[in-house]
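These are my notebook entries on a structure I went through element by element. I wrote down each thing I looked up in the order that made the picture easiest to follow.

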Protein chains: 2
Amino acid sequence: MADDEFDRIRELAQRFKQDSGGVQLGIGDDAAVLRAQPQPVVLSVDAALQGVHFDPAFASYREIGARAFTAAVSDLAAMGSTPLAALCSLIVPGALPRADFSELNAGLAEAAEHYACPVIGGNLAAGPALSLTTTVVGTLARPGLYRSGAQPGDQVYVTGPLGSAALGLRLLQLGAAARSASFVQAFRAPGARIAQGRALAGLATSAIDISDGTLQDLGHICEASRLGAELELTRLPLAPGMRELALALGEDPVRLALQGGEDYELIYTLPAGVPDPCQGTRIGRMLDEPGPVRVLDAHGQPLALEGHGYRHF
Amino acid sequence: MADDEFDRIRELAQRFKQDSGGVQLGIGDDAAVLRAQPQPVVLSVDAALQGVHFDPAFASYREIGARAFTAAVSDLAAMGSTPLAALCSLIVPGALPRADFSELNAGLAEAAEHYACPVIGGNLAAGPALSLTTTVVGTLARPGLYRSGAQPGDQVYVTGPLGSAALGLRLLQLGAAARSASFVQAFRAPGARIAQGRALAGLATSAIDISDGTLQDLGHICEASRLGAELELTRLPLAPGMRELALALGEDPVRLALQGGEDYELIYTLPAGVPDPCQGTRIGRMLDEPGPVRVLDAHGQPLALEGHGYRHF
């Protein structure tokens, strides 16, 4: 199929572009915002599919449940929102053993408790492949974090190391998980940066969570803010030992850091001179000229990059 | 598999039973209710899967989209809630032609417009089978309609004819759709009873929408209200010509009316003497003694019934 995911999403967004009194922010960000008192209500939905987003060979059902929930909650983090409640819609093959089903639910419940985000509803259907679709609802105490507010000259930050989850997945795919539990853990049990998102609300000019890859997700900020961005390769934070382990596996650590998804760290922009409340790592800056994200090597030369991250079509 | 859907749902509900300040009503009804101003926020999620809830052989993609959206909105109707916004999460096989994808979206958009329920967010993923998971958000101007409020002696009503959608599906399965467009239409393009739900809010003691079948859905009211119910066979409203056409196809019209799902009519209970604002049909009454729904024939004798409606496991 020639047309790709973003083309289809653009079609959806165009189709659904509507004004409504109760809607403060519609399609096009990590979440939507509805007007409400005492605080606006933030809403997002995220789906995790077997064979696309997870593989029971690489994580337990408990981890799969927690991870699906975390990925959804991460969209609230990216908005500066505090989780309030969730709805879980499960499609479950009839052949899935009851014990695995229970583990899946245990994982969902653990994550719900961890994020103080109780599951208040859901749906259950039998289907050909396991999927978990999680709708999360949050509140917004301060002005939210949007993709669209970055300004030229803003500094680009990230809350934590990049590419760890991608390396963990690679270790699992290679049957080499024993070589580093911490990266495997980064893949299997990521965390949503709720506290960081809240701290950034009202300060950062834009934010997004890294689900599809640093380049692709920063690209969404660029697109929404109608700007470009420049990253400095030498500034990209890598977890201790990441570079060496990646190279030992024949993987390019830079590619993992730039294009590996599912770290769920936040990328955000702050005006120059504004102290970062999250003590993240500054990795680049926003540019006046719209265009693809540029990455400069140690000599200030732009890297040639292939592809941007995970795409569905 | 021996254990069934409701057993699994009970496990989920048990697992997720939590108290939280913002949650007015959690798992166990057609939708959840969050405390908010100026009005509580009602939330529900519903999934439609190819091969389970729809078959492109029996409806156009436009109808499939609109029907999935309507089924979700129907849960708001059953709560007495007014639709506010929706999130649509689609899993789409890569092989689905772009034109079909566009038709699906057109159906979602048409239903969203019809119910004044704009799509404000969503998710798109490639997967093995087409599915549409719709989260709907509504408001509640008056006390909501819950499954749990029915009282002994309350009269049981239904907003419209029963079994029409099931007969329509049967016509399609038999390749006999030409024999009655109205029943096929009842299956392909059902409507959510939003106005009726709103009119009943504050008056009816309980309500539910018929998605799985009259007996099964009234059974949910019985279970939540810890009561029984008795239906009178001769009172069940059937659309004109339904009985004759069903019999001509070798189908039992009573079985279709009692066990056929997806009519999306509302079943509701009113205290004896309270006039019905919806001018629905009174079909029975609530009984003191908890137990399965009883159906009385024209001589006041209980019918023997097999099965209750659609179950997923």
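In what order do the 6 strands of the open sheet that holds β1 of chain B lie? I noted at the outset that this is a predicted model, and then read the order in chain B as β1-β2-β3-β6-β4-β5, with mixed pairing. The edge strands I found to be β1 (23–25) and β5 of chain B, each of which pairs on one side only. On average, and with direction ignored, neighbouring strands of this sheet are turned by 20° against each other. I also looked for a helix on this sheet and found α2 (residues 61–77) of chain B, which packs on it and touches β3, β4 and β6 of chain B; the direction of α2 makes about 35° with that of β6(B).

**Entry on β4(B).** I next checked the burial of β4(B): 11 of its 11 residues are buried, so the strand is largely enclosed by the rest of the structure. With β6(B) it pairs in the antiparallel sense over 9 bridges, and in that pairing I picked out B:Ala85, whose bridge partner in β6(B) is B:Val137. With β5(B), by contrast, β4(B) runs parallel, and 7 bridges join the two; here B:Leu87 stands opposite B:Gly121 in β5(B). Following the chain from β4(B) through α3(B) to β5(B), I recorded a β-α-β crossover that is right-handed.

**Entry on the other sheet.** I then turned to an open sheet of 6 strands in chain B whose order is β8-β10-β7-β11-β9-β12, again with mixed pairing. Its edge strands are β8 (206–209) and β12 (294–296) of chain B, and each of them pairs on one side only. Neighbouring strands of this sheet are turned by 25° against each other on average, direction ignored. Within it I looked up the pair formed by β7 (residues 155–158) and β10 (residues 266–270) of chain B, which is antiparallel and extends over 4 bridges; the partner of B:Tyr157 in β10(B) is B:Tyr268.

**Entry on B:Gly260.** Is this glycine buried or exposed? B:Gly260 has 27 C-beta neighbours inside 10 Å, and therefore counts as buried, although I found it in a loop, the one between α9 (253–259) and β10 of chain B. Leaving aside neighbours within four places in sequence, I listed its contacts as B:Gly163, B:Ala165, B:Ala166 and B:Gly213. Its C-alpha atom is separated by 6.9 Å from that of B:Asp212, a residue 48 places away along the chain.

**Entry on the two chains.** How many residues does each chain give to the contact? I noted 60 from chain B and 59 from chain A. On the side of chain B that touches chain A, the elements giving two or more residues include α1 (5–16), β3 (41–49), α3 (98–114) and β6 (131–139) of chain B, and β5(B) gives the most, with 8 residues. I divided the residues of that side into 34 nonpolar, 19 polar and 7 charged.

Last, I superposed the copies: chain B can be laid on chain A with an RMSD of 0.0 Å by a turn of 180° and a shift of 0.0 Å along the axis, which is the relation of a two-fold axis. In chain B, the C-alpha nearest that axis belongs to B:Gln37, at 2.3 Å from it. The same surface serves both copies, as 98% of the contact residues of chain B recur in chain A.

How values were computed:
Residues numbered from 1 in each chain as written. Chains lettered and ligands numbered in written order. Predicted model: local features only at pLDDT ≥ 70, side-chain atom pairs only at ≥ 80, totals over all residues. Least-squares fit on C-alpha atoms with pLDDT ≥ 70 in both. Contact = placed C-beta atoms within 7 Å. Pairing = 2+ DSSP bridges. Axes fitted to C-alpha atoms, helices over the stretch in contact; angles between N-to-C directions. Nonpolar A, V, L, I, M, F, W, Y, C, P; charged D, E, K, R; others polar. Buried ≥ 20, exposed ≤ 12 C-beta atoms within 10 Å, placed from the backbone. Right-handed = clockwise from strand over helix to strand, strands pointing away.
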